[in-house]
Amino acid sequence: MNDTKTNRAPLGIRHGDTVKVMSGRSKGKTGKVLSVNPVKRTVTVERANIIKKHTRPNPSKNIRGGILDREGPIQISNVMLVCPGCGKHTRAGHTTLPDGAKVRVCRRCNQTFEN
Ligand SMILES: [Zn+2]
């Protein structure tokens with residue numbers, strides 16, 4: 001399991017995107033993508049899939065021990081992008097602008113996504 005090339009297949013979802021959770025414990029929740037793990041193909045989504053994280057105190061990093069609420073990873077296949085234009089969950093298409101930039105677009109309303 002060290003096939004970086006196939007793991008770099010486009011995920012369609014990037015850090016900062018708004019996504020909707022389509023299945024699992026946090027089904028129906030919408031939030032911002034906090035991080036993407038392209039190798040495991042998971043994302044963490046703001047306030048979704050909250051897990052209890054048991055942490056050890058680490059005084060040098062000023063971390064207190066105990067049980068914290070943290071966002072847990074969700075499989076990318078279980079979330080969908082939410083379009084900033086039409087506000088619906090959607091799939092992203094790709095298009096090239098006249099200036100040559102490649103952008104993602106909403107398949108429903110053709111609104112382009114930032115970045
Ligand atoms: Zn749209």
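Biologist: In which part of the chain is Phe113 found?

Modeller: The model under discussion is a predicted one. Leaving aside neighbours within four places in sequence, Phe113 is in contact with Ala92, Val103 and Arg104. As for its place in the chain, Phe113 is found in the segment after strand 10.

Biologist: Does Phe113 count as buried, partly exposed or exposed, and why?

Modeller: A residue is buried if 20 or more other C-beta atoms lie within 10 Å of its own, and exposed if 12 or fewer do. Phe113 has 19 C-beta neighbours inside 10 Å, so this residue counts as partly exposed.

Biologist: What distance separates the C-alpha atoms of Phe113 and Arg25?

Modeller: Along the chain, Phe113 and Arg25 are 88 residues apart. In space, the separation of their C-alpha atoms is 27 Å.

Biologist: Which elements make up the protein chain, and in what order do they run?

Modeller: The protein chain has one helix and ten strands. The helix stands at the start of the series, and strands follow it. Read from the N terminus on, the order is α-β-β-β-β-β-β-β-β-β-β.

Biologist: Why is the protein chain described as more spread out than a compact globule, and what is its radius of gyration?

Modeller: Along its principal axes, the C-alpha trace spans about 55 × 35 × 25 Å. For 115 residues the globule rule gives 13 Å. The protein chain is well over that value, so it is more spread out than a compact globule, with a radius of gyration of 17 Å.

Biologist: Into which domains is the protein chain divided, and how far apart are their centres?

Modeller: Domain 1 covers residues 4–82, and domain 2 covers residues 84–115. Taken over C-alpha atoms, the separation of the centres of domain 1 and domain 2 is 23 Å.

Biologist: Which strand gives the most to the side of domain 1 that touches domain 2?

Modeller: The contact takes six residues from domain 1 and five residues from domain 2. By class, the side of domain 1 that touches domain 2 has three nonpolar, one polar and two charged residues. The element that gives the most to this side, with three residues, is strand 7.

Biologist: Which strands stand at the edges of the open sheet of six strands?

Modeller: The strands of this sheet have the order 6-3-2-1-7-8, with antiparallel pairing. An edge strand here has a single partner strand, so one side of it is left without a neighbour in the sheet. The strands in this position are strand 6 (73–75) and strand 8 (89–90).

Biologist: Which residue of strand 8 is the bridge partner of Leu81?

Modeller: Strand 7 and strand 8 pair in the antiparallel sense over two bridges. The partner of Leu81 in strand 8 is Thr90.

Biologist: Which strands each supply at least two residues of the largest nonpolar core?

Modeller: The largest nonpolar core has 13 residues, and those with the most contacts inside it are Ile13, Val19, Val43, Val45, Ile74 and Val79. Not counting residues up to four places away in sequence, Val79 touches several residues, among them Ile13, Val19, Val43, Val45 and Ile74. The strands that each supply at least two residues of this core are strand 1 (18–21), strand 3 (42–45) and strand 7.

Biologist: In the hairpin of strand 9 and strand 10, which residue takes a positive phi near 95 degrees?

Modeller: Strand 9 (residues 92–96) and strand 10 run antiparallel and are joined by five bridges. In one of these pairings, His94 has Arg104 as its bridge partner in strand 10. Five residues lie between the strands of this hairpin, and the positive phi belongs to Gly100.

Biologist: What is the phi of Asn62, and why does the value deserve attention?

Modeller: Most residues other than glycine have a negative phi. Asn62 lies in the loop between strand 4 (50–55) and strand 5 (66–71). It has 7 other C-beta atoms within 10 Å, so Asn62 is exposed. Asn62 is not a glycine, yet its phi is positive, near 60 degrees.

Biologist: What is the phi of Asn110?

Modeller: Asn110 is in the segment after strand 10. With 12 other C-beta atoms within 10 Å, Asn110 is exposed. Although Asn110 is not a glycine, its phi is positive, at about 65 degrees.

Technical notes. Residues numbered from 1 in each chain as written. Predicted model: local features only at pLDDT ≥ 70, side-chain atom pairs only at ≥ 80, totals over all residues. Helix = DSSP H or I, 4+ residues; strand = E, 2+ residues; numbered from the N terminus. Rg over C-alpha atoms; globule rule 2.2 N^0.38 Å. Domains from an automatic or database assignment. Contact = placed C-beta atoms within 7 Å. Nonpolar A, V, L, I, M, F, W, Y, C, P; charged D, E, K, R; others polar. Pairing = 2+ DSSP bridges. Core = buried A, V, L, I, M, F, W, Y, C linked by C-beta atoms within 7 Å.
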